[in-house]
Amino acid sequence: MKPLKVKNAQLLLYFALLVVVVIIMAGTKKCNSGSNLPLLTNGDSTGDTIDVAVVYGPLSYYVYDDTLGGLNYDMLRIMESQTKMPLKLWPVVSLHDALRKLEKGSYDMLASLPSDNSIKKRFLTSESVFLDHLVLVQLSDSANGNKVNSALDLGPDTVFIPKDSPAMSRLANLSNEIGTAVPVKTMNDVSEEHLCMLVATGKIPLAVVNEKTARAMQKTYPRLSFDNPISFTQFQVWIISPSDTALHRKVEEWLLQFKASESYRGLLKSY
């Protein structure tokens with residue numbers, strides 16, 4: 001009987017280990033299913049790794065099937081290859097959360113936002129990466145056209161923007177210019193892409209986003225209209241922790257060289 005007890009004990013041990021392995025595999029599958037995006041964390045990589053928060057959107061950083069792309073994503077990967085600076089990219093949706101973590105040092109850089117005084121007061125900003133401008137997004141009525149035909153018509157309906165978006169200061173200035181208070185509501189944990197979807201499905205009346213985002217989203221939602229500019233052309237910049245002057249200098253040196261190359265012009269054409 002003694003050998004039988006040993007054998008039974010071995011079987012029980014084997015079964016227990018098998019259960020542990022199955023649980024681990026199931027947990028891994030659950031974490032990786034449905035998305036190619038890295039798990040969102042606070043950054044805080046060790047060693048020389050530079051944590052870069054990348055604004056998720058059709059121009060900046062996107063996932064299509066099994067393909068990663070976007071102008072910011074491609075440029076950052078090229079910079080990593082050419083400078084040998086190890087980068088870890090973290091796609092972010094909430095600007096408020098990303099900027100707060102950038103100030104705390106959890107992220108080293110964010111790509112990208114329009115350059116304005118509110119950003120420059122808080123962070124170091126790079127050379128211009130590309131150009132864009134803010135537009136008003138609304139649902140176009142095929143029979144009656146747009147409800148808002150110019151910025152002068154703003155006022156009755158609330159305009160939605162992401163929390164901490166530079167669009168806030170622009171809309172405040174616009175209120176002064178037209179002499180009418182423009183009601184603005186900020187939303188946390190939403191991307192410009194998500195705001196366009198909310199407008200397209202009639203859940204919110206108006207939103208302000210970058211023109212390149214609106215143009216990309218119109219391909220999926222043809223009734224989206226973005227004919228009304230809210231700002232002049234703006235410089236999109238990478239934002240760097242205010243204490244990291246060394247990283248700022250390296251990024252500036254690389255951008256000046258890369259923007260003079262055919263590779264940069266090719267990227268601009270493709271996006």
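Where does Lys84 lie? Lys84 is in the loop that runs between helix H2 (71–83) and strand S4 (87–92). The legends below describe close-up views of a predicted model.

**View A. Lys84 and Asp164, two loop residues with positive phi.** Most residues other than glycine have a negative phi. Lys84 is not a glycine, yet its phi is positive, at about 65 degrees. Lys84 is exposed, with a relative accessible area of 66%. Asp164 is likewise not a glycine and has a positive phi, of about 75 degrees. The loop that holds Asp164 connects strand S9 (159–162) with helix H5 (167–178). Asp164 is partly exposed, at 28% relative accessible area.

**View B. The cis peptide bond between Ala111 and Ser112.** Most peptide bonds are trans. The bond that joins Ala111 to Ser112 is cis, with omega of about -10 degrees. Ser112 belongs to strand S5 (residues 109–114). S5 is mostly covered, since 6 of its 6 residues are buried.

**View C. Strand S5 and its pairing with S1 and S13.** Strand S1 (residues 50–55) pairs with S5 in the parallel sense, over 3 bridges. Within this pairing, Ala53 has Leu110 of S5 as its bridge partner. Strand S13 (residues 234–240) pairs with S5 in the antiparallel sense, over 5 bridges. Here the bridge partner of Pro114 is Gln236, in S13.

**View D. The open sheet of 5 strands.** The strands follow the order S10-S9-S11-S8-S12, and their pairing is mixed. Strand S10 (184–187) and strand S12 (224–229) are at the edges; each has a single partner strand, so one side of each has no neighbour in the sheet. From one strand to the next, the twist averages 35 degrees. S9 and strand S11 (residues 206–210) run parallel and are joined by 2 bridges. Val159 has Leu206 of S11 as its bridge partner. Helix H6 (residues 192–200) packs on the sheet and touches strand S8 (134–139), S9, S10, S11 and S12. The direction of H6 makes about 150 degrees with that of S11.

**View E. The buried face of helix H7.** Helix H7 (residues 211–218) has the buried residues Glu211, Thr213, Ala214 and Met217. Seen down the axis of H7, these residues fall within an arc of 160 degrees, so they line one face of the helix. In an α-helix there are 3.6 residues a turn, so residues three or four places apart point the same way. The buried residues of H7 pack against strand S7 (130–132), S8, H6, S11 and S12.

**View F. Ser118 and its surroundings.** Ser118 is a residue of helix H4 (residues 117–120). Ser118 is partly exposed, with a relative accessible area of 36%. The side chains of Ser118 and Asp116 are joined by a polar contact of 2.8 Å. Ser118 and Pro166 are 48 residues apart in sequence, and their C-alpha atoms are 7.4 Å apart in space.

Terms used. Residues are numbered from 1 along each chain as its sequence is written. This is a predicted model: local features need pLDDT of at least 70, side-chain atom pairs count only at pLDDT 80 or more; totals for chains, interfaces and linings use all residues. Side-chain values use heavy atoms; hydrogens and water are left out. Helices (H or I, at least four residues) and strands (E, at least two) are DSSP runs, numbered from the N terminus. Buried means under 20% relative accessible area, exposed over 50%, partly exposed in between (1.4 Å probe, protein chains only). Two strands pair if DSSP finds at least two bridges between them. Axes are lines fitted to C-alpha atoms, for helices over the stretch in contact, and angles run from 0 to 180 degrees between N-to-C directions. Contact means heavy atoms within 4.5 Å. The arc is that of the directions from the helix axis to the C-beta atoms. A polar contact is a pair of N or O atoms within 3.5 Å; within protein, one must be able to donate a hydrogen and the other to accept it, and residues adjacent in sequence count only if both atoms are side-chain atoms.
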